[in-house]
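Me: I am new to this one and would like to understand the labels people put on it. Could you show it to me and then take my questions in turn?

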Amino acid sequence: MQLLDNGVKSSIPAFTADSSSLTNATPKNITVIGGSGRMGQLFVQQLSAAGHNVSILGSKGWDDADTLLSQADLVLVSVPIERTIDIIKLAAKYLSPTTALADITSIKTQPLQAMLEYHQGPVIGLHPMFGPKVKSFSEQKFVVCPGRNEETFQWLLNWIKTLGGNIIVCTPEEHDRLMVFVQATQHFSRFSLGAFVTEEQVDLNRSLLLSTPNYQQEIDIVKGLFAQNPQLCVEIMLATEERCQAIAHLASTYNRLAQLVEQKDRSGLIQEFEKAKRFISNF
(Lines give C-alpha, C1' and ligand atoms only; values in the text may rest on other atoms or scores of the structure.)
Protein backbone atom coordinates (compact mmCIF):
# COMPACT_ATOMS: atom_id res chain seq x y z
CA MET A 1 0.00 0.00 0.00
CA GLN A 2 1.19 3.48 -0.87
CA LEU A 3 0.17 6.55 1.13
CA LEU A 4 -0.64 9.38 -1.25
CA ASP A 5 -0.10 13.06 -0.45
CA ASN A 6 -3.73 13.52 0.51
CA GLY A 7 -3.49 10.72 3.10
CA VAL A 8 -5.54 8.24 1.09
CA LYS A 9 -4.22 4.70 0.90
CA SER A 10 -3.78 3.30 -2.56
CA SER A 11 -2.90 -0.10 -3.97
CA ILE A 12 -0.80 1.60 -6.63
CA PRO A 13 2.83 0.53 -6.13
CA ALA A 14 5.19 3.18 -4.85
CA PHE A 15 8.19 4.01 -7.02
CA THR A 16 11.32 5.11 -5.20
CA ALA A 17 14.69 6.19 -6.48
CA ASP A 18 17.44 3.66 -5.81
CA SER A 19 20.80 5.34 -6.34
CA SER A 20 22.70 2.06 -6.22
CA SER A 21 20.72 0.58 -9.09
CA LEU A 22 21.29 3.74 -11.10
CA THR A 23 25.01 3.66 -10.45
CA ASN A 24 25.22 0.03 -11.59
CA ALA A 25 22.90 0.49 -14.56
CA THR A 26 24.22 -0.62 -17.92
CA PRO A 27 23.31 1.17 -21.16
CA LYS A 28 19.93 0.09 -22.52
CA ASN A 29 18.88 -0.49 -26.11
CA ILE A 30 15.94 1.89 -26.57
CA THR A 31 13.71 2.50 -29.56
CA VAL A 32 11.52 5.61 -29.65
CA ILE A 33 8.60 5.23 -32.05
CA GLY A 34 7.97 8.75 -33.28
CA GLY A 35 11.39 9.86 -32.16
CA SER A 36 11.56 12.48 -34.92
CA GLY A 37 8.62 14.38 -33.46
CA ARG A 38 9.25 17.27 -31.10
CA MET A 39 8.50 15.35 -27.90
CA GLY A 40 10.16 12.23 -29.22
CA GLN A 41 13.29 14.20 -30.05
CA LEU A 42 13.48 15.47 -26.48
CA PHE A 43 13.47 11.93 -25.07
CA VAL A 44 15.94 10.73 -27.68
CA GLN A 45 18.31 13.54 -26.72
CA GLN A 46 17.96 13.01 -22.98
CA LEU A 47 18.29 9.22 -23.12
CA SER A 48 21.25 9.40 -25.51
CA ALA A 49 22.97 11.91 -23.23
CA ALA A 50 22.59 9.38 -20.40
CA GLY A 51 24.63 6.87 -22.40
CA HIS A 52 21.84 4.66 -23.75
CA ASN A 53 21.75 3.26 -27.29
CA VAL A 54 18.73 5.02 -28.76
CA SER A 55 17.14 4.28 -32.13
CA ILE A 56 14.27 6.05 -33.87
CA LEU A 57 11.43 4.28 -35.67
CA GLY A 58 9.51 6.68 -37.89
CA SER A 59 6.52 6.28 -40.14
CA LYS A 60 8.71 5.26 -43.08
CA GLY A 61 10.99 2.92 -41.15
CA TRP A 62 8.79 -0.09 -40.51
CA ASP A 63 10.86 -2.26 -42.84
CA ASP A 64 13.41 -2.21 -40.00
CA ALA A 65 10.83 -2.74 -37.26
CA ASP A 66 11.88 -6.29 -36.46
CA THR A 67 15.47 -5.25 -35.78
CA LEU A 68 14.61 -2.02 -33.94
CA LEU A 69 11.86 -3.47 -31.76
CA SER A 70 12.67 -7.14 -31.10
CA GLN A 71 16.12 -6.35 -29.68
CA ALA A 72 15.08 -3.33 -27.60
CA ASP A 73 15.10 -3.27 -23.80
CA LEU A 74 12.59 -0.41 -23.89
CA VAL A 75 10.21 0.75 -26.59
CA LEU A 76 8.75 4.21 -26.05
CA VAL A 77 5.69 5.23 -28.08
CA SER A 78 5.62 8.95 -28.84
CA VAL A 79 3.06 9.53 -31.59
CA PRO A 80 -0.09 11.66 -32.00
CA ILE A 81 -3.02 10.63 -29.81
CA GLU A 82 -5.20 9.39 -32.67
CA ARG A 83 -2.45 7.04 -33.89
CA THR A 84 -1.32 5.67 -30.53
CA ILE A 85 -3.56 2.59 -30.33
CA ASP A 86 -2.82 1.49 -33.90
CA ILE A 87 0.92 1.94 -33.38
CA ILE A 88 0.81 -0.08 -30.15
CA LYS A 89 -1.00 -2.91 -31.96
CA LEU A 90 1.52 -2.84 -34.80
CA ALA A 91 4.61 -2.60 -32.60
CA ALA A 92 3.51 -5.41 -30.29
CA LYS A 93 3.89 -7.92 -33.13
CA TYR A 94 7.66 -7.40 -33.08
CA LEU A 95 8.34 -7.20 -29.34
CA SER A 96 10.17 -9.76 -27.26
CA PRO A 97 8.24 -10.89 -24.16
CA THR A 98 10.95 -9.23 -22.05
CA THR A 99 10.83 -5.86 -23.84
CA ALA A 100 9.47 -3.02 -21.70
CA LEU A 101 6.75 -1.02 -23.47
CA ALA A 102 5.71 2.51 -22.49
CA ASP A 103 3.87 5.43 -24.04
CA ILE A 104 3.98 9.17 -23.37
CA THR A 105 0.52 10.05 -24.67
CA SER A 106 -1.62 12.63 -22.85
CA ILE A 107 -4.46 10.15 -22.36
CA LYS A 108 -3.75 6.98 -20.43
CA THR A 109 -6.70 4.60 -20.10
CA GLN A 110 -6.99 3.40 -23.69
CA PRO A 111 -3.24 3.27 -24.48
CA LEU A 112 -2.51 1.35 -21.27
CA GLN A 113 -5.33 -1.10 -21.99
CA ALA A 114 -3.99 -1.61 -25.51
CA MET A 115 -0.42 -2.22 -24.30
CA LEU A 116 -1.64 -4.74 -21.73
CA GLU A 117 -3.80 -6.50 -24.32
CA TYR A 118 -1.32 -6.72 -27.19
CA HIS A 119 1.99 -7.10 -25.32
CA GLN A 120 2.70 -9.79 -22.75
CA GLY A 121 5.76 -8.11 -21.25
CA PRO A 122 6.34 -5.16 -18.90
CA VAL A 123 4.04 -2.20 -19.49
CA ILE A 124 3.74 1.30 -18.06
CA GLY A 125 1.96 4.52 -19.02
CA LEU A 126 3.80 7.84 -18.80
CA HIS A 127 2.62 11.41 -19.29
CA PRO A 128 5.27 14.13 -19.16
CA MET A 129 3.46 17.23 -17.89
CA PHE A 130 5.45 19.65 -20.03
CA GLY A 131 6.16 20.46 -23.64
CA PRO A 132 9.17 19.79 -25.87
CA LYS A 133 10.71 23.22 -25.31
CA VAL A 134 12.06 22.42 -21.83
CA LYS A 135 15.83 22.32 -21.56
CA SER A 136 15.93 19.54 -18.97
CA PHE A 137 13.70 17.32 -16.84
CA SER A 138 14.62 19.22 -13.67
CA GLU A 139 11.51 20.10 -11.62
CA GLN A 140 9.25 18.70 -14.35
CA LYS A 141 6.33 16.41 -13.49
CA PHE A 142 5.92 12.89 -14.88
CA VAL A 143 2.65 11.06 -14.33
CA VAL A 144 3.18 7.30 -14.04
CA CYS A 145 0.34 4.81 -14.50
CA PRO A 146 1.42 1.27 -13.50
CA GLY A 147 0.60 -1.55 -15.88
CA ARG A 148 2.54 -4.82 -15.56
CA ASN A 149 5.93 -5.76 -14.06
CA GLU A 150 6.56 -2.16 -13.04
CA GLU A 151 9.86 -3.05 -11.38
CA THR A 152 11.32 -3.40 -14.89
CA PHE A 153 11.01 0.37 -15.26
CA GLN A 154 12.74 1.22 -11.99
CA TRP A 155 15.94 2.24 -13.78
CA LEU A 156 13.95 4.65 -15.99
CA LEU A 157 12.17 6.27 -13.05
CA ASN A 158 15.43 6.44 -11.10
CA TRP A 159 16.98 8.26 -14.04
CA ILE A 160 14.09 10.75 -14.20
CA LYS A 161 14.40 11.43 -10.47
CA THR A 162 18.16 11.83 -10.71
CA LEU A 163 17.60 14.52 -13.35
CA GLY A 164 15.32 16.32 -10.89
CA GLY A 165 12.00 15.12 -12.26
CA ASN A 166 8.99 14.58 -10.01
CA ILE A 167 7.09 11.29 -10.24
CA ILE A 168 3.33 11.31 -9.59
CA VAL A 169 1.70 7.88 -9.55
CA CYS A 170 -2.00 7.41 -10.29
CA THR A 171 -4.42 5.13 -12.09
CA PRO A 172 -5.08 5.82 -15.77
CA GLU A 173 -8.73 6.51 -14.93
CA GLU A 174 -7.84 9.19 -12.40
CA HIS A 175 -5.32 10.69 -14.81
CA ASP A 176 -7.82 10.96 -17.64
CA ARG A 177 -10.52 12.38 -15.37
CA LEU A 178 -8.24 15.14 -14.09
CA MET A 179 -6.71 15.90 -17.50
CA VAL A 180 -10.16 16.97 -18.66
CA PHE A 181 -9.63 20.04 -16.46
CA VAL A 182 -5.85 20.29 -16.34
CA GLN A 183 -5.51 20.21 -20.13
CA ALA A 184 -8.64 20.12 -22.25
CA THR A 185 -10.73 22.92 -20.73
CA GLN A 186 -7.62 25.08 -20.22
CA HIS A 187 -6.66 24.68 -23.87
CA PHE A 188 -10.18 25.59 -24.94
CA SER A 189 -10.31 28.62 -22.65
CA ARG A 190 -7.04 30.01 -23.99
CA PHE A 191 -7.88 29.01 -27.55
CA SER A 192 -11.13 30.99 -27.16
CA LEU A 193 -9.29 34.03 -25.81
CA GLY A 194 -6.86 33.91 -28.73
CA ALA A 195 -9.74 33.66 -31.21
CA PHE A 196 -11.52 36.55 -29.45
CA VAL A 197 -8.58 38.99 -29.51
CA THR A 198 -8.06 38.05 -33.18
CA GLU A 199 -11.70 38.84 -34.02
CA GLU A 200 -11.43 42.12 -32.09
CA GLN A 201 -8.06 42.92 -33.71
CA VAL A 202 -6.65 43.93 -30.33
CA ASP A 203 -3.33 45.78 -30.46
CA LEU A 204 -1.55 43.37 -28.13
CA ASN A 205 1.72 45.28 -28.11
CA ARG A 206 -0.06 48.45 -27.04
CA SER A 207 -2.19 46.58 -24.51
CA LEU A 208 0.91 45.08 -22.92
CA LEU A 209 2.30 48.56 -22.31
CA LEU A 210 -0.74 49.19 -20.11
CA SER A 211 -0.98 45.70 -18.70
CA THR A 212 -1.12 44.31 -15.20
CA PRO A 213 1.22 41.41 -14.33
CA ASN A 214 -1.73 39.00 -14.53
CA TYR A 215 -2.63 40.18 -18.04
CA GLN A 216 0.99 39.85 -19.16
CA GLN A 217 1.11 36.32 -17.78
CA GLU A 218 -2.15 35.33 -19.45
CA ILE A 219 -1.07 36.70 -22.84
CA ASP A 220 2.25 34.85 -22.53
CA ILE A 221 0.35 31.60 -21.87
CA VAL A 222 -1.94 32.21 -24.85
CA LYS A 223 1.08 32.95 -27.07
CA GLY A 224 2.62 29.69 -25.88
CA LEU A 225 -0.52 27.81 -26.87
CA PHE A 226 -0.50 29.25 -30.39
CA ALA A 227 3.21 28.50 -30.76
CA GLN A 228 2.28 24.82 -30.71
CA ASN A 229 1.35 22.62 -33.62
CA PRO A 230 -2.40 23.25 -34.13
CA GLN A 231 -2.98 19.52 -34.56
CA LEU A 232 -1.63 18.89 -31.06
CA CYS A 233 -3.88 21.52 -29.52
CA VAL A 234 -6.95 20.13 -31.25
CA GLU A 235 -6.04 16.54 -30.33
CA ILE A 236 -5.82 17.48 -26.66
CA MET A 237 -9.31 18.99 -26.75
CA LEU A 238 -10.94 16.21 -28.79
CA ALA A 239 -9.08 13.19 -27.36
CA THR A 240 -12.03 11.73 -25.46
CA GLU A 241 -15.78 12.17 -25.33
CA GLU A 242 -15.45 13.30 -21.70
CA ARG A 243 -13.21 16.18 -22.80
CA CYS A 244 -15.65 17.25 -25.48
CA GLN A 245 -18.55 17.20 -23.02
CA ALA A 246 -16.60 19.17 -20.41
CA ILE A 247 -15.68 21.83 -22.97
CA ALA A 248 -19.32 22.09 -24.00
CA HIS A 249 -20.27 22.50 -20.33
CA LEU A 250 -17.61 25.18 -19.89
CA ALA A 251 -18.99 27.04 -22.90
CA SER A 252 -22.49 26.89 -21.43
CA THR A 253 -21.10 28.30 -18.17
CA TYR A 254 -19.57 31.19 -20.13
CA ASN A 255 -22.95 31.81 -21.76
CA ARG A 256 -24.81 31.71 -18.45
CA LEU A 257 -22.44 34.19 -16.84
CA ALA A 258 -22.43 36.39 -19.96
CA GLN A 259 -26.20 36.61 -19.75
CA LEU A 260 -25.89 37.91 -16.19
CA VAL A 261 -23.43 40.53 -17.44
CA GLU A 262 -25.71 41.49 -20.33
CA GLN A 263 -28.61 41.83 -17.88
CA LYS A 264 -26.38 43.86 -15.51
CA ASP A 265 -27.42 41.42 -12.78
CA ARG A 266 -25.00 42.47 -10.06
CA SER A 267 -26.53 40.31 -7.35
CA GLY A 268 -26.52 37.26 -9.64
CA LEU A 269 -22.86 37.75 -10.51
CA ILE A 270 -21.95 38.26 -6.85
CA GLN A 271 -23.78 35.05 -5.95
CA GLU A 272 -21.84 33.15 -8.62
CA PHE A 273 -18.59 34.68 -7.37
CA GLU A 274 -19.28 33.76 -3.75
CA LYS A 275 -20.30 30.23 -4.70
CA ALA A 276 -17.05 29.68 -6.61
CA LYS A 277 -15.06 31.39 -3.84
CA ARG A 278 -16.41 28.97 -1.21
CA PHE A 279 -15.43 25.97 -3.32
CA ILE A 280 -11.98 27.18 -4.39
CA SER A 281 -11.00 28.47 -0.93
CA ASN A 282 -11.09 24.86 0.35
CA PHE A 283 -7.92 24.05 -1.60
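Me: Why is Phe137 called buried?

Reply: This is a predicted model, and in it Phe137 has a relative accessibility of 0%. Buried means under 20%, so Phe137 earns the label.

Me: And what makes Phe130 buried or exposed?

Reply: The value for Phe130 is 13%. That is also under 20%, so Phe130 counts as buried.

Me: What makes the pair of Phe130 and Phe137 tilted?

Reply: Their ring centres lie 5.7 Å apart, with 45 degrees between the planes. Rings pair if their centres are within 6.5 Å, and tilted covers angles that are neither under 30 degrees nor over 60. An angle of 45 degrees falls there, so the pair is tilted.

Me: Why is the pair of Phe137 and Phe142 called edge-to-face, then?

Reply: Here the planes are 75 degrees apart and the centres 5.1 Å apart. Over 60 degrees counts as edge-to-face, so that name fits this pair. Phe142 is buried, as is Phe137.

Me: Which residues do ring pairs link into a cluster?

Reply: Phe43, Phe130, Phe137, Phe142 and Trp159 are joined this way. The structure has eight aromatic pairs.

Me: Phe43 makes me curious about the nonpolar core. Which members of the largest one touch the most others?

Reply: Phe43 is one of them, together with Leu74, Leu126 and Leu156; this core has 27 residues. Elements that each supply at least two of its residues include helix H2 (38-49), strand S5 (74-77) and helix H6 (154-162). A second, separate core of 22 residues includes Leu68, Leu69, Ala72 and Val79.

Me: What does Leu74 touch, leaving out residues up to four places away in sequence?

Reply: Among its contacts are Ile30, Ala100, Phe153, Trp155 and Leu156.

Me: How do you know that Lys108 and Asp103 form a salt bridge?

Reply: The N to O distance between their side chains is 2.9 Å. The limit is 4 Å, so the pair qualifies as a salt bridge. Lys108 has a relative accessible area of 0%, and Asp103 has 0% too. Both values are under 20%, so both residues are buried.

Me: What makes Arg190 and Glu218 a salt bridge?

Reply: Their N to O distance is 3.9 Å, which is within 4 Å, so this pair also qualifies. The two sit in distant parts of the chain, with Arg190 in helix H7 (residues 172-200) and Glu218 in helix H9 (residues 213-226).

Me: Why are Arg190 and Glu218 called partly exposed?

Reply: Arg190 has a relative accessible area of 23%, and Glu218 has 28%. Partly exposed lies between 20% and 50%, so the label suits both.

Me: How many salt bridges does the structure hold?

Reply: There are three. Another one joins Arg256 and Glu272, with their closest N and O atoms 2.3 Å apart. Arg256 is partly exposed at 37%, and Glu272 is partly exposed at 25%.

Me: Lastly, why are H10 and H11 called roughly perpendicular?

Reply: Their axes cross at roughly 90 degrees and come within 6 Å. Angles of 65 to 115 degrees count as roughly perpendicular, so the name follows. Where they meet, Ile236, Met237 and Leu238 in H10 face Arg243, Cys244 and Ile247 in H11 as contacts.

Key:
Residues are numbered from 1 along each chain as its sequence is written. This is a predicted model: local features need pLDDT of at least 70, side-chain atom pairs count only at pLDDT 80 or more; totals for chains, interfaces and linings use all residues. Side-chain values use heavy atoms; hydrogens and water are left out. A nonpolar core is a set of buried Ala, Val, Leu, Ile, Met, Phe, Trp, Tyr and Cys residues joined through side-chain atoms within 4.5 Å. Buried means under 20% relative accessible area, exposed over 50%, partly exposed in between (1.4 Å probe, protein chains only). Helices (H or I, at least four residues) and strands (E, at least two) are DSSP runs, numbered from the N terminus. Contact means heavy atoms within 4.5 Å. Rings of Phe, Tyr and Trp (its six-membered ring) pair if their centres lie within 6.5 Å; planes under 30 degrees apart count as stacked, over 60 as edge-to-face and the rest as tilted. Axes are lines fitted to C-alpha atoms, for helices over the stretch in contact, and angles run from 0 to 180 degrees between N-to-C directions. Angles under 35 degrees count as roughly parallel, over 145 as roughly antiparallel, 65 to 115 as roughly perpendicular and the rest as oblique.
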